[in-house]
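Trainee: Could you take me slowly through the charged side-chain pairs in this protein? I would like to see where the partners sit along the chain and how covered they are.

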Amino acid sequence: MERPSRRSFLTGSAVAAAGLAGITGGSYAEQFDGLDADLPDSVAGALALLPSESAADTDYRTVLLADVADAEGEDEYGYEVREVLRSFDDLDVGDVSHVAAARVAEHSGQIGVVVGSFDRLEPGEKTDERGDWRFAKATDRAYATTEGRAVVVHSEEPADLATAAVDVDTDDAATFLDGYEDAGVAFELLADQPLVYFVPDVDQAVFSGIGSDTLDAFAAGFADDPNAIDGTVENQYLLFPATGTDLDDETVERIVTELEPGVVAEIDVDHTPDLVHTTVVAEEPPERDREAAPDAQIDAELDHDESAVVFRHREGEPIDADTLELWHDGERSDEGPSAEFDVFEAGDELPVATDPIATVTLRWFDEDENAFYTYDSLLVGQDAFEVNYDFDAERLEIEYAGDREADPTKLNLRNYSDNRTETLEGFAGEYDALAAGDAITVENVGVGDRVSLELDVPNEPRDQPRQLVSHRVRPPRVFLHRRSDTGVVARYHDEQERDAAEFRLLVDGREAETQFADLVDTLERGDDLELGDYDVGTELLVEWTAPAEPMEVGDLVVRPDTRVAAEYDGEEGTLTFVHDDGEAVDAADLELRAAGERTDVQPGDEDDRFEPGDELTVEAEPFVNVALSWVPEDVDSEYTLSRTVTAADTFEADYDPDADEVELTYVGTRQADPARLGVRRRVPGSGDIDGPEPLFAEAHDTLTTDDAITLTDVEIDERINVVLNDSDGRHRRHFFDFTPEPRFAFSFESRAGNVVAVYHDEVSRAGAAFRVLANGDATDVQPADEHDTLEDGDVVDLGEFETGTELVVEWTVPDDPVEVTDHVIAPDADFEIVYDDENGTLTATHDGGDELAAADVRLHIRPARSEPIAWGDDGTIEEGDSRAVELETDPEAVFLVFRERELLDDEQFHD
């Protein structure tokens, strides 16, 4: 992306200020209301799938929106956007217009949304369907996808958040924007910025001096990835002052300077009655450069006896003490390591006398290169407070348990709830000095409220820890789910261990014969209790009885574990649902719908039960969306057993490269209504998201076998979809896809020592249309040698190849062959990946197998590192060799990749 000159920044600021002029005459709350804000459709469409915090049963640290329509790649706007995009293997970034994401406050979870002009994606293993939405799961992620929109969730309970997003789409739950009018204002006023962050809870931002007594919320608009500033940039900020707070320019500049990831050069400030807008010219900040810093392991430990933090040089290279900086409570100390050492080397110790509540950081800094590396930071006093909460009295107590007197004026105490934010006097209002046993009480702390106690010092260097206590009041959570082998299982989710007798299980409103206390004495986080199997339709409810008024903390309606296949007979015009496997279901609880309406014939009309081997047959015309759902009369629940589009496999496509034409042919045997069909054409990256055209209806009154239409001026990467229209004309589902260029047409596998290429495409193609190359030369075996026509699942046995060989499949139909698939023969090697959270060190170890070149191996660490880490520049990796990487934040996932293409190993990390 070309960056504007610094001179042009100020011109842009004037434009932004003019945009604000429209709201200076009154409160923004009177002019903006959630989704009624004047947002572009694609922007609103992305944000509208983020559920409110109450609907999601969580809190959001940040909400971001990225306009990626003109992005040059998935990396342009940082790891958060990249993380969402990479969650979908079959998603072309060129087909995406916007990405929205909300970072969940706990356990580093995230809900991500992509919108654009793509077909319904099908990641992971399908778990359910609702309307046009498909639910799926894969490892630690949950998905919900429909045409042009997709949701991916990575959190403690990802399926719940994915369901909440679809609940928003079906108007069964509120959206995030409905609950934050500030957010509507922010995303509208910063709409010209490609990347916008909104922070609904300023305390979650962890910036010093920015609390609920100062701001209700803030937003930032960036022209590029804020974590990769290069040169000079312009960023914009919106500050929403707390009620009754008047922010002067000095305060605004202090806040914005702390928020800005770069080094501030200029600030323009514009005030309105209810918000403050700033335009900031910023320059490249110091760069964290671990490779440039001396390779040393330095740990910080608290010496209680000496009342000091001790930095110990454990091992590694010596460090020139003049390059080391000591930061104490957010200020650089004049007496740093150079006052004690000329060189700080292995075995040396640097004691730093400190208060019982403080933050201390040691970092290396190279002024000439504008580079730094933080060796360690320590928050003193994080274990010096104990929290107790009384649910009945709604009272929270924080007690100081330190062994030395502490200064209470260094502490900020805040109470956050849905309808208020209070900054409290806290310890400073009760004590001149804190001693062990001193406590404060916060009244009226209800369920969902959060109380925060943090060290009130400047956030310098950035990201040093300062939060001593953060306690959100929540009842314990119990998640009920059904397993095919063990029946219903209750999983306990809470940090606090509790007596199992505090929980009561109700089955259809009555106390169950088996209670939690019959199975265990206490419940700890992650415990699974096998409750036994229950009949389909049974309603289970878990109550927490410790409060005076018992609270519901978990529920489940037992759904049928039933597999149903759908078979359409075009000759007879009938659709048959076959009970393939699983439980029998009362036929009266089943409902057939075609195009969203109940059919005249229902499963319960003739049979009492629907059992394995049973069939349900109904008449059905081609191109109708038909679903068989479990809809029990006395249970507020619905579950789709099977869904299909009739005659979905009755199209063929033929591409003429000389004429640039595609012929779509109907090959079904039954006459069909072409008005039910639409054809959509899209070129990736064009930004065109127009609806489908009625091309079949324009060419034919009735579709009969071999009726066709011809599309002209077709580009080889153009996407052509035949989609189904519903009763009101909106396209609902695509069921035939074609691209002249065979995208991802082959995958490679190792079978019995040989490499085979497996053809994957709904469209049959000539074997002679493909050529396989090994390191640039044609392989001995070609697809045409084994298949005249390639069909989905066909295998080409290519033979044996050495490790590191690059295989490429070319599509030879165009004059200039197109590469459609590539693959590198990866070595057969095992690795062990471990993370030591005490010292922040990630270690990958070769655990057996083939020897590798170090230069071929990289570690992708998410999200702790934005760029991959090379194993080494030269040499080999043999069994027992390790690569250690020091991290400042805990990783969520690590991928070990060979030659940037083939996955050798991966490891997922969870709390």
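**A close look at the salt bridges**

Mentor: Let's begin with R719, which is buried, its relative accessible area being 10%. Keep in mind as we go that this is a predicted model. The partner of R719 is D95: the two form a salt bridge in which the closest N and O atoms are 2.6 Å apart. R719 belongs to strand 52 (residues 719-725), while D95 sits in the loop between helix 5 (79-85) and strand 2 (96-104), so this pair ties together parts that are 624 residues apart in sequence. D95 counts as buried too, at 5% relative accessibility. To call these residues buried, we ask for a relative accessible area under 20%.

Next, find R103 and E892. They form a salt bridge as well, with 3.5 Å between the closest N and O atoms. R103 is part of strand 2, and E892 lies in the loop between strand 69 (882-886) and strand 70 (893-898); the pair therefore ties together parts that are 789 residues apart in sequence. Both partners are covered: R103 counts as buried at 9% relative accessibility, and E892 is buried with a relative accessible area of 5%.

A third pair to look at is D119 with R680, whose side chains meet in a salt bridge at 3.2 Å, N to O. Here again distant parts of the chain are linked, 561 residues apart: D119 is in the loop between strand 3 (110-116) and strand 4 (125-130), and R680 is in strand 50 (residues 677-682). D119 is buried, with a relative accessible area of 14%, and R680 counts as buried at 5% relative accessibility. Some charged residues go beyond a pair: E83, R103, R141, R862 and E892 are joined into one network by salt bridges that share partners. You have already met R103 and E892, which form a salt bridge with each other. A search of the whole structure finds 44 salt bridges, including R719 with D95.

Now for some of the surroundings, beginning with strands. Strands of a sheet pair through backbone hydrogen bonds, either parallel or antiparallel. One open sheet has 3 strands in the order 39-40-45, with antiparallel pairing. Strand 39 (562-569) and strand 45 (615-619) are at its edges with a single partner strand each, so one side of each has no neighbour in the sheet. From one strand to the next, the twist averages 20 degrees. Strand 40 (residues 574-582) pairs with strand 45 over 5 bridges in the antiparallel sense, and F577 has L616 in strand 45 as its bridge partner.

Elsewhere, strand 37 (residues 539-544) runs antiparallel to strand 38, joined to it by 6 bridges. A hairpin of 6 residues connects the two strands, 37 and 38. The bridge partner of W544 is M551, in strand 38. Strand 38 (residues 551-557) is mostly covered, with 5 of its 7 residues buried.

Finally, try helix 6 (residues 158-169). At 1.5 Å a residue, its 12 residues should span 16 Å, and its end C-alpha atoms are 17 Å apart, which agrees. P158, L161, A162, A164, A165, V166 and V168 are the buried residues of helix 6. Just after this helix, D171 takes a positive phi of about 65 degrees.

How values were computed. Residues are numbered from 1 along each chain as its sequence is written. This is a predicted model: local features need pLDDT of at least 70, side-chain atom pairs count only at pLDDT 80 or more; totals for chains, interfaces and linings use all residues. Side-chain values use heavy atoms; hydrogens and water are left out. Two strands pair if DSSP finds at least two bridges between them. Helices (H or I, at least four residues) and strands (E, at least two) are DSSP runs, numbered from the N terminus. Axes are lines fitted to C-alpha atoms, for helices over the stretch in contact, and angles run from 0 to 180 degrees between N-to-C directions. Buried means under 20% relative accessible area, exposed over 50%, partly exposed in between (1.4 Å probe, protein chains only). A salt bridge is a side-chain nitrogen of Lys or Arg within 4 Å of a carboxyl oxygen of Asp or Glu. The expected span of a helix is 1.5 Å times one less than its number of residues.
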